[in-house]
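Me: I would like a close look at one part of this model. Please keep the sentences short and tie the details together.

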Amino acid sequence: MTPPDQATLHRAITTPNLAPPGGLSDGHGRPAGRRFWVYRNNVAVSLREALRTGFPAVASLIGEQNFSTVARTYAQENPPDSPLLMLYGAGFPAFLDGFEPLAHIRYLGDVARLEHAMRRAYHAADSAAICSGTLRAIALKTLMDSSANLAPATTIVRSVWPVHAIRAYALDPSNPKPAATPQNVLITRPDFDPVATPLPAGGAEFVEALARGATFAEAHDQAAATASGFDPAFTLGLLLDGAAIASLNMKNGNY
Amino acid sequence: MPHPPHDSLPHAPGVGYKPQHYGDIIADPAPVEWLEIHAENYMGDGGRPLAQLEHLARRFAISVHGVGLSIGGEAPLDRDHLARLRHLCDWLQPASFSEHLAWSTHEGAFLNDLLPLPYTNATLARVAAHIDDVQQTLGRQMLLENPSSYLAFDESTWAEPDFMHELALRTGCGLLLDVNNVFVSATNLGYEPRAYIDAYPLDLVGEIHVGGHDQDHDDHDAPLLIDSHGRVVVEPVWALLDDTLARGGRRPVLVEWDTDVPDWPVLAAEARRAATALQNVHSTPRSVPGTDRETA
């Protein structure tokens with residue numbers, strides 16, 4: 001019998017119900033049998049647990065049993081492409097969007113998107129941040145002509161669902177029940193723990209424009225085009241509280 | 001990273017570091033003098049994990065223990081992952097770096113388990129080349145850990161201790177001896193764990209692991225122990241540690257607890273048990289392999 005190579009072992013570990021490869025024994029000349037399933041089980045359970053750790057709100061929304069099923073299916077079709085399991089599951093939100101048995105929970109993919117974005121923010125690079133005092137010391141005209149470098153942890157998750165409220169309620173039922181309002185969410189990391197905050201209309205456009213390198217004036221115009229009368233003060237306050245503005249690029253020098 | 005250099009791990013108890021123990025370890029590390037981290041958990045760009053590690057490294061010697069390099073893989077080593085390991089080791093300047101005699105990646109898919117290898121001349125040549133690659137890339141000696149085995153390959157022509165010894169001779173790597181893995185493999189494959197220890201080149205061992213395992217059984221109702229790191233170390237494994245230390249002298253001894261992680265006092269009690277085992281050893285080893293030696 002040809003000894004099993006790693007392609008054969010890999011197939012046997014990742015394919016449900018496939019017989020264990022030959023050439024493996026129990027140390028006494030008897031076929032390895034169920035001893036081989038230790039590996040299959042370790043792989044399946046550890047990948048499921050990695051997803052469980054990364055997507056607690058999704059697990060809470062669909063229940064542990066459903067989560068096990070969907071996580072196992074995802075892991076079989078999408079094994080990690082690197083040993084960095086901290087960010088495993090980047091494709092899980094899109095997978096949930098297309099997962100027929102849970103199609104009736106239409107917001108599930110967006111909740112997963114928010115959870116994964118929080119996880120990325122947790123591991124994002126550290127950054128300096130300017131404080132509100134610094135910003136207040138700059139003349140408004142000068143600020144409006146400046147652009148910002150946002151901290152690497154800063155992200156926007158857009159949704160047509162009240163995704164922030166759904167996540168918060170799923171993680172802690174003492175939070176308010178979600179109202180039927182779409183929510184775009186700003187994620188910042190003031191110190192080590194990411195903070196998610198729902199944005200007012202135009203807020204996502206404002207932050208995304210800044211992230212693309214627009215000046216504050218341009219970002220304001222783009223936000224106002226979506227939400228007439230957009231007042232940047234609240235969103236700017238969230239960015240400052242979230243240590244999200246690493247530095248400013250001003251016409252005559254950086255800050 | 002500025003901190004007092006730890007050129008080698010102390011011959012004292014260490015524990016596998018879990019973030020939930022951070023405050024307890026800072027407040028009262030009990031007999032713990034060094035910490036082991038899983039390399040892959042510290043490969044993010046920043047945030048709390050790296051900040052905590054930087055803080056801990058000022059006080060404790062750190063062992064970086066890789067669990068994802070797939071040194072036994074049939075394919076060449078993942079250059080990106082090797083670069084990440086080098087980045088981490090260059091920044092942290094750990095007292096030790098170790099990995100496993102196992103594979104975990106096939107055609108780019110990472111299986112997150114330590115998968116078994118046949119002990120043949122072909123495997124020997126391949127793993128030796130991979131260890132050379134690691135040691136050259138990292139610019140330091142590595143320790144290679146013996147696996148837990150649930151089955152044996154019919155094609156194997158080497159006994160495991162001889163295979164480990166030969167790899168160390170060919171590459172200049174040191175060895176990590178996990179006595180729980182020895183106990184698990186010996187029980188599962190039906191050999192005497194003390195015979196394994198007797199055959200293991202203890203003078204090349206730079207670190208010892210102990211940990212807990214689960215109990216199952218195979219198709220023939222024979223005991224099948226699973227290396228789960230989810231409970232206390234059993235008495236026969238402590239006894240095997242005592243024998244190993246009596247034969248080879250004091251070494252850095254790590255208590256591993258990775259699943260169902262308990263509150264700190266439970267893990268600290270296991271570390272105290274390891275401290276007692278170390279205190280009971282009166283002899284010192286003839287030679288201790290350096291873990292900070294540059295490879296040629």
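My focus is chain A. Among contacts in chain A between residues at least 6 apart in sequence, what percentage join residues at least 24 apart? Please set chain A beside its partner too, and look at a residue in each.

Reply: The model is predicted. In chain A, 64% of the contacts between residues at least 6 apart in sequence join residues at least 24 apart.

Start with the overall form of chain A. Its secondary structure comes to 12 helices and seven strands. The C-alpha trace spans about 85 × 40 × 30 Å along the principal axes. The radius of gyration of chain A is 24 Å. A compact globule of 255 residues would have a value near 18 Å.

Now burial and surface. Of the 255 residues in chain A, 49% are buried. The accessible surface of chain A is about 12000 Å². Carbon and sulfur atoms hold 54% of that surface. Chain A carries 20 positive and 21 negative side chains. The centres of these two sets are 7 Å apart.

One residue of chain A gives a local view. A:Ala75 sits in helix α4, which covers residues 64–77. A:Ala75 counts as buried because its relative accessibility is 10%, and the cut-off for buried is under 20%. Beyond its neighbours within four places in sequence, A:Ala75 touches A:Leu47 and A:Tyr88. A:Gly89 is 14 residues from A:Ala75 in sequence. The C-alpha atoms of A:Ala75 and A:Gly89 are 8.7 Å apart.

Next comes the contact with chain B. Chain A gives 43 residues to the contact, and chain B gives 49. About 4000 Å² is buried between the two chains. Carbon and sulfur atoms account for 58% of this buried area. On the chain B side, B:Arg48, B:Phe110 and B:Leu111 supply 16% of the area that chain B buries against chain A. No other three residues supply more. Why quote an area at all? The size of an interface is often given as the accessible area lost when the parts come together.

Chain B itself has nine helices and 13 strands. Its C-alpha atoms fill a box of roughly 50 × 40 × 40 Å along the principal axes. The radius of gyration of chain B is 18 Å. That agrees with a compact globule, because 296 residues packed that way would give a value near 19 Å. In chain B, 80% of the contacts with a separation of 6 or more come from residues 24 or more positions apart.

Burial in chain B takes in 59% of its 296 residues. Chain B exposes about 11200 Å². Carbon and sulfur atoms supply 49% of that area. Chain B has 19 positive and 44 negative charges. The mean positions of the two kinds are 8 Å apart.

A residue of chain B completes the picture. B:Gln52 lies in helix α2, residues 48–57. B:Gln52 has a relative accessible area of 12%. Buried means under 20%, so B:Gln52 is buried. Leaving aside its neighbours within four places in sequence, B:Gln52 is in contact with B:Tyr17, B:Pro19 and B:Tyr22.

Back to chain A for a last word. Its radius of gyration is 24 Å, where a compact globule of its 255 residues would have a value near 18 Å. Chain B, at 18 Å, agrees with the globule value near 19 Å.

Definitions and conventions: Residues are numbered from 1 along each chain as its sequence is written. Chains are lettered from A and ligands numbered from 1 in the order in which they are written. This is a predicted model: local features need pLDDT of at least 70, side-chain atom pairs count only at pLDDT 80 or more; totals for chains, interfaces and linings use all residues. Side-chain values use heavy atoms; hydrogens and water are left out. Helices (H or I, at least four residues) and strands (E, at least two) are DSSP runs, numbered from the N terminus. The radius of gyration is taken over C-alpha atoms; the globule rule is 2.2 Å times the number of residues to the power 0.38. Buried means under 20% relative accessible area, exposed over 50%, partly exposed in between (1.4 Å probe, protein chains only). Contact means heavy atoms within 4.5 Å. Accessible areas come from the Shrake-Rupley method with a 1.4 Å probe; for residues, only the protein chains shown count as cover. Lys and Arg count as positive and Asp and Glu as negative; His and the chain ends are not counted. The place of a charge is taken as NZ of Lys, CZ of Arg, CG of Asp or CD of Glu. Buried area is the accessible area (1.4 Å probe) that two parts lose on being put together, summed over both.
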